[in-house]
Amino acid sequence: IAGRGKLIAVMGDEDTVTGFLLGGIGELDKHRRPNFLVVEKETSLAEIEETFRCVLSVPRSLPFFPVPRGFLAREDVGMILISQALAEQIRPAVAAHARALPAVLEIPSKDHPYDPARDSVLRRARGLF
């Protein structure tokens, strides 16, 4: 996206995501993919991980042009905010992300306070100093 800034993506419970959406971060890209995921009790672990990771999906209308799915695969996403409780559920995927962009930041949620000891990004940053 030349000349435009990058999006902030958010993954978390309904209250957390709604707060960020009310703050104005909600967007749809040209493939009609939102930059947020509201995780409810019915949301499967596979769906959560697929939304986070680099996965290619093949749209029916253009079967020869796979579309990157997942916030890590999207070029328009510069930062991913993920609730720490959710990051714990997909910890291997979060820990495996080593690129600078999109930056992955773990945030607290209403029901789960932030624990710096469980934050893999913070642990890596501490290792640099």
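Author: Helices and strands are DSSP runs, numbered from the N terminus. The model shown here is predicted.

Reader: What pattern does the protein chain follow along the sequence?

Author: Reading along the sequence gives β-α-β-α-β-β-β-α-α-β-α. The protein chain has five helices and six strands.

Reader: How many of the residues count as buried?

Author: Buried means under 20% relative accessible area. In the protein chain, 36% of the 129 residues meet that mark. The accessible surface comes to about 8,100 Å², and carbon and sulfur atoms hold 59% of that area.

Reader: Which residues have the most contacts inside the largest nonpolar core?

Author: A nonpolar core joins buried residues of certain kinds through side-chain atoms within 4.5 Å. The largest one here has 17 residues, and M11, I48, F52, I80, I82 and V104 have the most contacts inside it. Two or more residues come from each of β1 (7-12), α2 (45-52), β5 (77-83), α3 (84-89) and α4 (91-96). β5 gives the most, with three residues.

Reader: Which residues is I82 in contact with, leaving aside its neighbours within four places in sequence?

Author: I82 is in contact with M11, A87, I90, V104, L105, E106 and I107.

Reader: What lies apart from the largest core?

Author: Another core, of five residues, lies apart from it; V10, V17, L81 and I107 are among its members.

Reader: What share of the contacts with a separation of 6 or more joins residues 24 or more positions apart?

Author: In the protein chain, that share is 59%.

Key
Residues numbered from 1 in each chain as written. Predicted model: local features only at pLDDT ≥ 70, side-chain atom pairs only at ≥ 80, totals over all residues. Heavy atoms only, no water. Buried < 20%, exposed > 50% of the residue type's maximum accessible area, 1.4 Å probe, protein only. Helix = DSSP H or I, 4+ residues; strand = E, 2+ residues; numbered from the N terminus. Contact = heavy atoms within 4.5 Å. Areas by Shrake-Rupley, 256 points an atom, 1.4 Å probe, with all protein chains shown as cover.
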